[in-house]
Structures are given as C-alpha cells and as structure tokens.
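Q: I'd like a close look at one part of this protein, the open sheet. Could you walk me through how its strands are arranged and what packs on it, then add a few words on the surface?

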Amino acid sequence: MIRKSIIFTDVPLLKAFQYREIFQLVPFFYFEGMPFSKYSRHFPAVLEYECEDKEEALPIIEAELLNRGLSEDVVKLGRTLPESQRVKREILHLLTALTNYCFFEYNASVGYYGVQAPMDDFSTLSPKETEKFNNQISHWTIPAYLYPKVGELLQQQTFTDCTEFCEEAANFLDYYTNNPDANHQKQIQFPPAMEICLDRYLAMRGDMRKGVRHCISLLADGVEFFDYKRSVSTMATIASIEGMANIDFKLYGTADEKKRPTARFVRYLKRYVAGRSEEKYKQYYSRRGEICHDGTIFLGDDDLYGDINEQDRDWLLRLEIQQAARIALYNWLRRKLNNTPTRS
C-alpha cells in the first residue's frame with residue numbers, strides 16, 4: 001500500500017522525484033494549505049512510498065493502550081508503524097547518503113521550549129502584533145507539522161500526479177565536489193545514475209543488504225550532525241567508510257592485499273574515489289584516531305570563537321571526508337554486482 005509522510009530537507013525541493021513505483025518526493029506546494037515560513041531552514045516535502053501492510057505485535061504497550069480506551073482499529077494501526085518507519089527511514093537515509101542534501105523527519109517524542117515566529121516578514125507586523133511577539137512567554141513545544149487538511153493528505157492511497165521532475169546532474173564528480181555545501185544550493189538536484197544506484201541497493205538481500213544499510217545509516221547521521229556535532233559527525237562518517245571498506249574487501253579483496261583496518265580503508269577510497277590520494281586518505285583515518293583514541297575533538301565543538309583559520313581548515317577536512325564517503329558509496333553501487341555473493 002502507499003503511505004505518505006511529511007519530511008523535511010535542508011535545501012528546497014522545487015520539483016518532484018520519482019523512483020519507479022517504489023517512492024516519490026513531492027514539493028509541498030502541490031498540497032493546498034501546507035504552511036511555510038520564509039525564516040525556516042527546514043523545507044517541507046511529502047514522501048510517498050510503497051510499504052507492505054505488515055502488522056507486528058506490540059506486546060509491552062498494546063494491553064495498556066486498550067485499557068486506556070483506544071479502539072482496536074487504532075491499536076491495529078499502531079501494529080503497522082514499525083514496518084512503515086523502517087521503510088521510510090531507509091529511504092531518507094539513502095537519499096541523504098547519495099545526494100548532497102539532508103532528508104529528515106521530526107522526532108515528536110523530543111520537545112523543547114520555544115516561542116512562535118511570524119510566517120511572513122517581520123516588517124508586515126502591526127505595532128500590536130510586534131508588541132505581542134516581543135512579550136511572548138516560552139511554551140513547551142512538540143515538533144510537528146500540522147494544518148487542517150493534513151489528515152486527508154496522509155490517508156490518500158495513490159501517488160500524487162506531478163508535472164515537473166528533478167533533473168539529474170551532468171557529471172557525478174562535479175555534482176559531489178563543486179560547492180556541494182547546502183548553503184550554495186538553490187534547489188535539490190540528483191546525481192546521474194541515481195536510479196541505477198537505488199536498483200543495485202534494493203537488489204541486495206540478507207546480510208549484504210543489512211551491512212550496507214547500516215553503513216548508509218551511519219553516513220546519514222554524519223550528514224545530519226555535520227554543523228552541530230562536528231566530531232561525532234566525522235566519527236559516524238568514517239565508521240561508514242570503514243564498514244563499506246570491510247564489505248568491499250570481503251567481496252573483491254585478494255590474498256596479496258593487506259587486511260589491516262587502515263589498509264582496507266585506504267584501499268576502498270583509492271578504488272572508488274581517486275587512486276592518487278593515499279596520503280589524504282591516511283589523514284582522514286588519522287583524524288578518526290585522534291578523536292577516538294586521544295579524545296581530540298574539533299575546535300568548533302570546544303570553542304565557538306577559537307582560531308577562525310583552524311575552524312575553516314577543520315570544516316574543509318570534514319566536508320572532504322563526507323563527500324569522499326558519498327562518492328565512494330555512489331561508485332560502489334554503480335559497480336556491476338553480477339558476481340556478488342548474496343546471502344539469504
């Protein structure tokens with residue numbers, strides 16, 4: 001069945017993207033009444049995806065929910081949530097790992113104090129509205145995206161009929177290396193051969209699929225935390241590269257190749273990013289050791305007003321590692337897997 005969910009991106013989605021009959025990304029303006037603030041850096045979109053209507057028992061809370069008066073129909077809907085969440089999370093992680101953007105959803109279980117900002121420009125506020133804004137009291141806020149017709153939207157069982165679709169970039173290397181930072185992007189664009197990468201990933205089975213899925217999840221976490229938890233972000237990204245390097249070595253490594261972690265790490269990046277950057281890849285792995293073994297975090301995590309030049313160098317290094325992980329994953333998935341052993 002088709003499920004729909006409101007998700008967010010860090011760059012506006014101005015045209016739809018459809019991957020076969022499996023999922024589709026739809027810009028928010030296709031749906032009447034969806035709110036948007038000019039001040040927001042979270043751009044809403046709708047993810048529509050095919051998902052098996054699979055029920056899973058909720059042994060810990062199911063009886064309690066029924067005792068509280070929830071109907072059997074509501075509890076039944078809750079039994080389908082785990083599979084729906086797994087499929088949605090997998091799609092969001094894939095999109096984040098294979099593009100230059102972050103695709104995410106809100107965690108409604110985590111709240112925070114906040115005040116309400118106007119949807120329109122501050123200059124349009126009347127004196128009374130300005131006074132009201134300036135004298136707000138913080139309220140406990142639940143992250144949610146609601147409007148009167150949202151329930152109607154999420155219950156629709158067909159893909160939205162879209163008229164314009166995102167174009168693919170002409171060259172994958174330019175796509176990942178020419179100003180890939182979100183602040184330089186006006187709208188979402190996809191790398192060439194995106195469909196092939198998704199085909200290759202979804203064709204995997206068993207332990208292979210699970211291992212690659214975990215590496216993609218780590219990379220997505222690295223992207224999401226890039227600007228906020230620099231050291232944690234880098235550790236997650238490098239762990240993703242390490243995991244993929246291990247998978248690749250098991251599949252394509254030879255007896256005369258070194259099996260040490262550093263050697264596998266460098267081997268993977270040389271093969272799927274560029275073959276003449278061995279010292280740079282060792283630097284990436286060395287930075288991982290400094291964080292993991294020495295507890296040496298990036299300056300920006302420790303001192304917001306520290307040496308700006310050092311922070312700029314750190315930013316560039318972190319961006320290089322992130323984009324190297326994306327390029328390697330992209331090229332690894334494009335590689336023909338005809339001889340890949342699959343595990344059921």
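A: Here's a walk through the sheet, followed by a couple of spots elsewhere in the chain. Keep in mind that this is a predicted model.

Let's start with the strand order. The open sheet has 5 strands, and going across you meet them as β2-β3-β4-β1-β5, with antiparallel pairing. At the edges sit β2 (17-19) and β5 (103-104), each of which pairs on one side only. As general background, strands of a sheet pair through backbone hydrogen bonds, either parallel or antiparallel.

Now zoom in on one pairing. Strand β3, residues 23-27, runs antiparallel to strand β4, residues 43-50, and 5 bridges join the two. If you want a pair to click on, take Phe-23: its bridge partner in β4 is Tyr-49. The sheet also has a helix packed on it, namely α6 (residues 194-203), which touches β2 and β3. The direction of α6 makes about 40° with that of β2.

On to the surface. Tyr-112, Tyr-113, Trp-140 and Ile-142 together make a nonpolar patch of about 530 Å². Trp-140 belongs to strand β7 (residues 139-141), and it counts as exposed because its relative accessibility is 53%, with the cut-off for exposed being over 50%.

Val-232 makes a handy contrast. This residue lies in helix α8 (residues 230-252), and its relative accessibility is 48%, so it counts as partly exposed. Val-232 and Cys-292 are 60 residues apart in sequence, while their C-alpha atoms are 9.7 Å apart in space.

Notes. Residues numbered from 1 in each chain as written. Predicted model: local features only at pLDDT ≥ 70, side-chain atom pairs only at ≥ 80, totals over all residues. Heavy atoms only, no water. Pairing = 2+ DSSP bridges. Helix = DSSP H or I, 4+ residues; strand = E, 2+ residues; numbered from the N terminus. Contact = heavy atoms within 4.5 Å. Axes fitted to C-alpha atoms, helices over the stretch in contact; angles between N-to-C directions. Patch = residues over 30% accessible without salt bridge, like charges linked within 9 Å, V, L, I, M, F, W, Y side chains within 5 Å. Areas by Shrake-Rupley, 256 points an atom, 1.4 Å probe, with all protein chains shown as cover. Salt bridge = Lys/Arg side-chain N within 4 Å of Asp/Glu carboxyl O. Buried < 20%, exposed > 50% of the residue type's maximum accessible area, 1.4 Å probe, protein only.
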